[in-house]
Protein chains: 2
Amino acid sequence: MRVAELADAVGVRPDTVRYYERAGLLPPPPRSASGYRRYPAEAVDRLRFVRGCQKLGLRLKEIADLLAVRDTGVCPCEPAETMLHRHIAELDAELARLSALRAELVELVGGLPSGRCPELDQGDWCPPEGR
Amino acid sequence: MRVAELADAVGVRPDTVRYYERAGLLPPPPRSASGYRRYPAEAVDRLRFVRGCQKLGLRLKEIADLLAVRDTGVCPCEPAETMLHRHIAELDAELARLSALRAELVELVGGLPSGRCPELDQGDWCPPEGR
DNA sequence: CTTGACCTTGGAGTCCGCTCCAAGGTCTAC
DNA sequence: GTAGACCTTGGAGCGGACTCCAAGGTCAAG
């Protein structure tokens, strides 16, 4: 299959497929006589693996590491587990941060219409009045 | 005050202050005879306003918009309220997304050690076995 | 045989908020 | 008067994952 066919099969753009190749996620495929990339059917699986991992929040570098293990013929479950545990911890931290931020924003806008402009901990909302 | 003094007063780097100036968040200050930036005391307030807004998750462009209103002498509460409401909605969406992702990861790692490698919705975890 | 859709490449641009650099000038304390 | 800490500028680099470009080559349909 050509690059656009592979891309279509997984719902990405041809540029993205070529980018993954440059990034080392997809092996350079064989070429037709005229230099076109000709992908074997397994390329679809591999590309789907990449997209699946991305949906889980893994970065391309991490996916590349998993694929490197997978390419030795070993299931990358073990490194994946460590990786996913770390990601869960990161998510927890991010969720806590965003929740706290949300609470702060809600409190702030809750006070806004009531009358006077608030002051942030630092920095006046209102312009200095002619001082 | 000099740029490093202003920066120290608010806990940022001199480069950041100059960056904010280039970005239109801080007005170009008067210069000393030798070309050094000489900030008036009010610059501290303005810089603190910027950092306070950033802590709330506003982007520099948005802060610039608020400051543009503030610079007309009007309190930017009204645009800020609209902006903050939008940010709360964005936070809600992001919190929902991350929560769902976390649940998915937890489910996935929960099943991992039990025995066999899972398959993602798309893309095998395990390498193709000699097919 | 022409049209138009595909393909190739390397490199640049995007967003965001810095952060760092080099090469030069200035200011302060001793 | 000199060391060393500051200041100036424009521009590049970073991270992350693309996305787009130009200039050229290829291929299938009509």
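Colleague: Let's start with a ring in chain B: over which ring does the charged end of B:Arg70 sit, and how many Å from its centre?

Modeller: Happy to help, and please keep in mind that this is a predicted model. An Arg counts as sitting over a ring if its CZ is within 6 Å of the ring centre and within 35 degrees of the ring normal. The charged end of B:Arg70 meets that rule over the ring of B:Phe49, at 4.7 Å from the centre.

Colleague: And in chain A, which residue lies over the face of A:Phe49?

Modeller: The distance to look for here is 4.7 Å from the ring centre of A:Phe49. The residue lying over that face is A:Arg70.

Colleague: Staying with arginines, is B:Arg46 buried or exposed?

Modeller: B:Arg46 lies in helix 3 of chain B, residues 42–55. Its relative accessible area is 13%. Buried means under 20%, so B:Arg46 is buried.

Colleague: Which backbone oxygen does the side chain of B:Arg46 reach?

Modeller: Leaving aside neighbours within four places in sequence, B:Arg46 is in contact with B:Leu25, B:Leu26, B:Pro27, B:Leu67, B:Arg70 and B:Asp71. One of these contacts includes a polar approach at 2.9 Å, made by the side chain of B:Arg46. The backbone oxygen reached is that of B:Leu25.

Colleague: Now the aromatic rings: how many aromatic pairs are there over all chains?

Modeller: Rings pair if their centres lie within 6.5 Å. By this rule, the count over all chains is two.

Colleague: What kind of pair do A:Tyr19 and A:Tyr20 form?

Modeller: Their centres are 6.1 Å apart, with 50° between the planes. Planes under 30 degrees apart would be stacked and those over 60 edge-to-face. The pair of A:Tyr19 and A:Tyr20 is therefore tilted.

Colleague: Why is the pair of B:Tyr19 and B:Tyr20 tilted?

Modeller: The ring centres of B:Tyr19 and B:Tyr20 are 6.1 Å apart. The pair is tilted because the planes of the two rings stand at 50°.

Colleague: Which residue, with a relative accessible area of 3%, is buried in chain B?

Modeller: Take the two tyrosines in turn. B:Tyr19 has a relative accessible area of 45% and is partly exposed. The buried residue at 3% is B:Tyr20.

Colleague: In chain A, what is the relative accessible area of A:Tyr19?

Modeller: A:Tyr20 counts as buried, at 3% relative accessibility. A:Tyr19, on the other hand, is partly exposed, with a value of 44%.

Colleague: Let's turn to the DNA: which element gives the most to the surface near DNA strand C?

Modeller: Of the 20 residues around DNA strand C, B:Arg13, B:Asp15, B:Tyr20, B:Ser34 and B:Tyr36 come nearest. Sugar and phosphate make up 73% of the strand C atoms that come within 4 Å of the protein. With four residues, the element that gives the most to this surface is helix 2 of chain B.

Colleague: Which side chain has a polar atom 3.4 Å from a base oxygen of DNA strand C?

Modeller: Some side chains approach phosphate oxygens of DNA strand C: A:Arg31 has an N or O atom at 2.9 Å, and B:Arg51 has one at 3.4 Å. The base oxygen is approached by a polar side-chain atom of A:Tyr36.

Colleague: And DNA strand D: which side chain has an N or O atom 2.7 Å from a phosphate oxygen?

Modeller: 20 residues surround DNA strand D, the closest being A:Arg13, A:Asp15, A:Tyr20, A:Tyr36 and B:Arg18. The side chain of A:Ser34 has an N or O atom 2.8 Å from a phosphate oxygen of this strand, and the side chain of A:Gln54 also has one at 2.8 Å. At 2.7 Å, the side chain is that of B:Arg37.

Colleague: How many charged residues does the surface near DNA strand D have?

Modeller: The largest share of that surface, four residues, comes from helix 2 of chain A. By class, there are seven nonpolar and four polar residues, and the charged ones number nine.

Colleague: Last one: how many helices does chain A come to?

Modeller: Chain A has 131 residues, of which 40% count as buried. Along the sequence the pattern is α-α-α-α-α. With zero strands, the number of helices is five.

Methods
Residues are numbered from 1 along each chain as its sequence is written. Chains are lettered from A and ligands numbered from 1 in the order in which they are written. This is a predicted model: local features need pLDDT of at least 70, side-chain atom pairs count only at pLDDT 80 or more; totals for chains, interfaces and linings use all residues. Side-chain values use heavy atoms; hydrogens and water are left out. Rings of Phe, Tyr and Trp (its six-membered ring) pair if their centres lie within 6.5 Å; planes under 30 degrees apart count as stacked, over 60 as edge-to-face and the rest as tilted. Buried means under 20% relative accessible area, exposed over 50%, partly exposed in between (1.4 Å probe, protein chains only). Helices (H or I, at least four residues) and strands (E, at least two) are DSSP runs, numbered from the N terminus. A polar contact is a pair of N or O atoms within 3.5 Å; within protein, one must be able to donate a hydrogen and the other to accept it, and residues adjacent in sequence count only if both atoms are side-chain atoms. Contact means heavy atoms within 4.5 Å. A residue is near a molecule or strand if one of its heavy atoms lies within 4 Å of it. Ala, Val, Leu, Ile, Met, Phe, Trp, Tyr, Cys and Pro count as nonpolar, Asp, Glu, Lys and Arg as charged, and the others, Gly among them, as polar.
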